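I opened this model to keep a short record of what I looked up in it. The entries follow the order in which I went through the chain.

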Amino acid sequence: MMKTTKISKYYIAWILIFAVAAGTLSMPATAETVAAEETSIQQVDLQDGVLTIDGVGVVNAEIVKNINLQDVRKIEFGKTVKRVADNTFSNCHNLENIIWGGVTTIGSYAFANCEKLDMMSMSQSYVSIGEGAFWNCDSIAFIVFAMVFGVLQKKLNLEGKSEFFVGLA
């Protein structure tokens, strides 16, 4: 009888492991995860033309619904922001500059028709840039990719020269 009990516990353990792996059973959040979620406070603030967004994973039209996008000249995304949804800042005609923070995904047409958007610095951590994300942003003359910039600085012996840019026009 004792041997049968050990075998059934063994099978139950494997069933639980497969259930967790298949996503049909989730483990409860740890105290650290819960504490991190509780301290992440949504911040959407527009002051002097600078829109600061943090404390959210995805920025979409709902997040910025109370902001007059024509007053925005600069957007600063915080480290918690991972994705900018489709069409979120399209037709933001006075936008000139973006600080990307933790953004890894830019949705389709997210910044379409931002005619004053100029040079941008983008980190190498991008996973996806959607179709038409910067459609009709005619003022963009340069896109600086940090990884490419560093490699070219070393290859061309230009380390420490901040005026060197990698341009795509």
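**Contacts and overall make-up**

I began with the contacts whose separation is 6 or more, and found that residues 24 or more positions apart account for 30% of them in the chain. I note at the outset that this is a predicted model, and I read every entry below with that in mind.

I then looked up the burial of the chain, where buried residues make up 30% of the 169 residues. For the surface, I noted that the chain exposes about 11,000 Å², and that carbon and sulfur atoms supply 58% of this area.

**Secondary structure and the sheet**

I listed the elements next: the chain has 3 helices and 10 strands, and from the N terminus on they run α-α-β-β-β-β-β-β-β-β-β-β-α.

Among the strands I found an open sheet of 4 strands, which has the order 3-5-7-9 and parallel pairing. Its edge strands are strand 3 (58-59) and strand 9 (128-129), each of which pairs on one side only. I looked more closely at strand 3 and strand 5, which run parallel and are joined by 2 bridges, and I noted that V58 stands opposite R83 in strand 5.

**T88**

I went on to T88, which I located in the loop between strand 5 (83-84) and strand 6 (97-99). With a relative accessible area of 4%, T88 falls under the 20% limit and is therefore buried. The side chain of T88 reaches the backbone oxygen of V59 at 3.4 Å. Leaving aside residues up to four places away in sequence, I recorded that T88 touches V59, N60, A61, V64, L69 and A110.

**Aromatic pairs**

I searched the whole structure for aromatic pairs and found 6. In the pair of F89 and F111, the ring centres are 5.4 Å apart and the planes stand at 10°, so I entered the pair as stacked. This pair links distant parts of the chain, since F89 is in the loop between strand 5 and strand 6, whereas F111 is in the loop between strand 7 (105-106) and strand 8 (120-122), 22 residues apart. I checked the burial of both partners: F89 counts as buried at 0% relative accessibility, and F111 counts as buried at 0% relative accessibility too.

F111 also pairs with W100, with the ring centres 5.6 Å apart and the planes at 85°, so I entered this pair as edge-to-face. Because W100 lies in the loop between strand 6 and strand 7 and F111 in the loop between strand 7 and strand 8, the pair ties together parts that are 11 residues apart in sequence. W100 counts as buried, at 5% relative accessibility. Finally, I traced the ring pairs that link F77, F89, W100, F111 and F134 into a cluster.

**Cysteines**

How many disulfides does the structure hold? I found 0. C114 is in no disulfide, and the nearest cysteine sulfur, that of C137, is 5.0 Å away. Because a disulfide requires the two sulfur atoms to be within 2.5 Å, I left C114 and C137 as unpaired in my notes. C114 is buried, with a relative accessible area of 0%, and C137 is buried as well, with a relative accessible area of 7%.

How values were computed:
Residues are numbered from 1 along each chain as its sequence is written. This is a predicted model: local features need pLDDT of at least 70, side-chain atom pairs count only at pLDDT 80 or more; totals for chains, interfaces and linings use all residues. Side-chain values use heavy atoms; hydrogens and water are left out. Buried means under 20% relative accessible area, exposed over 50%, partly exposed in between (1.4 Å probe, protein chains only). A polar contact is a pair of N or O atoms within 3.5 Å; within protein, one must be able to donate a hydrogen and the other to accept it, and residues adjacent in sequence count only if both atoms are side-chain atoms. Contact means heavy atoms within 4.5 Å. Two strands pair if DSSP finds at least two bridges between them. Accessible areas come from the Shrake-Rupley method with a 1.4 Å probe; for residues, only the protein chains shown count as cover. Rings of Phe, Tyr and Trp (its six-membered ring) pair if their centres lie within 6.5 Å; planes under 30 degrees apart count as stacked, over 60 as edge-to-face and the rest as tilted.
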